[in-house]
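Dear colleague,

I am handing over the structure we spoke about, with the sequence alongside. Please look it over first; my notes on what was found in it follow below.

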Amino acid sequence: MFLAWQIFACGSIVAAGAVSKGALKVVAIAWAGWTVVAVFPIYPAWVGLFQIANIGISYGVMNSKK
């Protein structure tokens, strides 16, 4: 399950980045917010940190495109 939601988060950020920079920003912020609200309180800290890192990397790569 952990890997599946990581793939979905990164995939949705990449898909949003293919649409526009604005969509990229909104989706990345939404995932980061969801991580803070729903992941950190329930799962070990490393899970949330791993997800935040994936969000940041996906955002950075897609933001550098175009």
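Residues count as buried when their relative accessible area is under 20%, as exposed when it is over 50%, and as partly exposed in between. Please keep in mind that this is a predicted model.

By that scale, Trp34 is partly exposed, because its relative accessibility is 37%, whereas Trp31, with a relative accessible area of 13%, is buried. Both tryptophans belong to helix α2, where they stand three residues apart, which means that about one helical turn separates them. There are four aromatic pairs in the model, and Trp31 and Trp34 make up one of them, in an edge-to-face arrangement with 5.4 Å from centre to centre and 85° between the planes. These two residues also take part in one aromatic cluster, in which they are joined by Trp5, Phe8 and Tyr43.

Trp31 has a further role in the packing, as a member of the largest nonpolar core, whose seven residues are Ala9, Ile13, Leu24, Ala28, Trp31, Ile55 and Met62. At least two of these core residues come from each of α1 (2–19), α2 and α3, and α2 provides the largest share, with three. If you would like one residue from which to explore this region, you could select Ile13, which, apart from its neighbours within four places in sequence, is in contact with Leu24, Val27, Ala28, Trp31, Ile55, Ser58, Tyr59 and Met62.

How do α2 and α3 run relative to each other? The axes of helix α2 (residues 21–39) and helix α3 (residues 45–64) come within 10 Å and cross at roughly 175°; since an angle over 145 degrees counts as roughly antiparallel, the two helices are therefore roughly antiparallel to each other. On the α2 side, the residues that meet α3 include Lys21, Leu24, Ala28, Trp31, Thr35 and Val39, and on the α3 side they include Val47, Gln51, Ile55, Tyr59, Met62 and Ser64. Sorted by class, this contact consists of eleven nonpolar, five polar and two charged residues.

Finally, a word on the segment after α3, which is where Lys65 lies. Lys65 is partly exposed, with a relative accessible area of 46%, and the C-alpha atom of Lys65 is separated by 9.0 Å from that of Ala18, although the two residues are 47 residues apart along the chain.

With best regards

Conventions:
Residues are numbered from 1 along each chain as its sequence is written. This is a predicted model: local features need pLDDT of at least 70, side-chain atom pairs count only at pLDDT 80 or more; totals for chains, interfaces and linings use all residues. Side-chain values use heavy atoms; hydrogens and water are left out. Axes are lines fitted to C-alpha atoms, for helices over the stretch in contact, and angles run from 0 to 180 degrees between N-to-C directions. Helices (H or I, at least four residues) and strands (E, at least two) are DSSP runs, numbered from the N terminus. Angles under 35 degrees count as roughly parallel, over 145 as roughly antiparallel, 65 to 115 as roughly perpendicular and the rest as oblique. Contact means heavy atoms within 4.5 Å. Ala, Val, Leu, Ile, Met, Phe, Trp, Tyr, Cys and Pro count as nonpolar, Asp, Glu, Lys and Arg as charged, and the others, Gly among them, as polar. Rings of Phe, Tyr and Trp (its six-membered ring) pair if their centres lie within 6.5 Å; planes under 30 degrees apart count as stacked, over 60 as edge-to-face and the rest as tilted. Buried means under 20% relative accessible area, exposed over 50%, partly exposed in between (1.4 Å probe, protein chains only). A nonpolar core is a set of buried Ala, Val, Leu, Ile, Met, Phe, Trp, Tyr and Cys residues joined through side-chain atoms within 4.5 Å.
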